[in-house]
Amino acid sequence: MLHVRSIWNGAISFGLVSIPIKLVNATENHAISFRQIHTEDGGRIRYRKFCELEDREVTGQEIGKGYEDADGTIIPITDEDLSALPIPTAKTIEIVAFVPEDRIDPLQMDAAYYLAAGGAPAAKPYTLLREALKRSNKVAIAKYALRGRERLGMLRVVGDAIAMHGLLWPDEVRAPEGVAPDTDVTVRDKELDLADALMDTLGEVDLEDLHDEYREAVEEVIAAKASGEAPPESPAPERGGKVLDLMAALENSVRAARESRGEQPEEEAEVKSLPQRGGSRSSPKETGGKKSTSTAKKKTASSARASASKTSRAEKKTTAKSTSKATAKKTPAKKSTAKKTASRKRSA
């Protein structure tokens, strides 16, 4: 921690107790950064800063900050102006309340920092605040100023250190209006049972085992091109059609999840009976591939329909045969009449 450069120095204001601290970043970005180049010759593309009044390039030491007014006028603002702001949070993390951690909406979470004790005199009050937070099972809500604006923060204990999460102000979090489906959808109990079974099959995961596969793939491409080799080819994506049957998709998902864990695949996805949630549910399929009562009823109804269909077909065949015989008996009479008519014509 001591070797990490602090980005802000100040103090925690805990009532009348002042704790000198240093603010350091708690996270780091491992994303691969790229440079812009000229595609024809590989030359670097650089941006230069020009003063539009003098039409010349200026250095970083000549650049300051200013506020553009409504009429276009630029009002210069210096670092001294900001450091002299008449607010207590200019150089202080001012604790304003202690609340249960579940009161904080995760949507408000922003950047994370560690608060390092600022020297030996800060060790005792720093430890006092840390242990008080531990014993209360609460987090501290604080206000502080950083990078030109006042911010909201949440202090909590991480190991033996105090961490601070920057929080968005409540009015900076948008309401989820227009995000959820605007059509009425009915989810069947059996679909919920299969979703529960899929969740149970996927189970939990140790976050330490997860890693950035995209970054690793980009590193392989860079290494291959640097050594003059062809970049590795990506596997062909699986061709899948539109999923029309949600039940089938859930069953296949449960089966695939089991196979990925080395479990023996079954003919049908297993659905375990789960505790009732707010009302009665239809009984899901039993473990071990046994059919439920509803499935047996469906089979009985199906067999009845099949028997009725066979009886109907047999009746149709019998009717067709009797009709055919009747027609055959009538036909010779017609032929005999035709012969008599022809005989009379010849006699005439």
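This passage describes the fold, the salt bridges and one helix of a predicted model.

The protein has 348 residues, and 18% of them count as buried. Its secondary structure consists of 6 helices and 11 strands. The exposed surface comes to about 27,400 Å². Carbon and sulfur atoms supply 53% of that surface. Contacts between residues at least 6 apart in sequence were also examined. Of these, 58% join residues that are at least 24 apart.

A barrel is part of the fold. It is closed by 7 strands, in the order β1-β2-β8-β11-β10-β9-β7. The pairing in this barrel is mixed. On average, neighbouring strands of the sheet are turned by 40° against each other, with direction ignored. Strands of a sheet pair through backbone hydrogen bonds, and they may do so in parallel or antiparallel fashion. Strands β8 and β11 are an antiparallel pair. Strand β8 covers residues 109–117, strand β11 covers residues 161–167, and 5 bridges join the two. Within this pairing, Met109 stands opposite Leu167 of β11.

Helix α2, residues 123–136, packs on the sheet. The helix touches β1 (8–14), β2 (17–25), β7 (92–100), β8, β9 (138–146), β10 (149–158) and β11. The direction of α2 makes about 85° with that of β2.

Salt bridges were then sought across the whole structure, and 9 were found. One of them joins the side chains of Lys134 and Glu131, with N and O 3.7 Å apart. Both residues belong to helix α2. They are 3 residues apart there, so about one helical turn separates them. Lys134 is partly exposed, at a relative accessible area of 36%. Glu131 is partly exposed too, with a relative accessibility of 36%.

A salt bridge also links Lys143 with Glu150. The closest N and O atoms of this pair are 3.9 Å apart, and the cut-off for a salt bridge is 4 Å. Lys143 has a relative accessible area of 27% and is partly exposed. Glu150 counts as partly exposed, at 27% relative accessibility.

Glu172 and Arg149 form a further salt bridge through their side chains, at 3.1 Å from N to O. Glu172 lies in the loop between β11 and α3, whereas Arg149 lies in strand β10. The pair therefore ties together parts that are 23 residues apart in sequence. Glu172 is partly exposed, with a relative accessible area of 35%. Arg149 counts as partly exposed at 35% relative accessibility. Elsewhere, salt bridges link Glu54, Arg56 and Glu62 in a network.

Helix α3 spans residues 189–202. Its length can be checked against its residue count. At 1.5 Å a residue, the 14 residues of α3 should span 20 Å. The C-alpha atoms at the ends of α3 are 20 Å apart, so the expected span and the model agree. The buried residues of α3 are Glu191, Asp193, Leu194, Asp196, Ala197, Leu198 and Thr201. Buried here means under 20% relative accessible area. These buried residues of α3 pack against helix α5, residues 246–260. Gly203 follows α3, and its phi is positive, near 65°.

Technical notes. Residues numbered from 1 in each chain as written. Predicted model: local features only at pLDDT ≥ 70, side-chain atom pairs only at ≥ 80, totals over all residues. Heavy atoms only, no water. Pairing = 2+ DSSP bridges. Helix = DSSP H or I, 4+ residues; strand = E, 2+ residues; numbered from the N terminus. Axes fitted to C-alpha atoms, helices over the stretch in contact; angles between N-to-C directions. Contact = heavy atoms within 4.5 Å. Buried < 20%, exposed > 50% of the residue type's maximum accessible area, 1.4 Å probe, protein only. Areas by Shrake-Rupley, 256 points an atom, 1.4 Å probe, with all protein chains shown as cover. Expected span 1.5 Å × (residues − 1).
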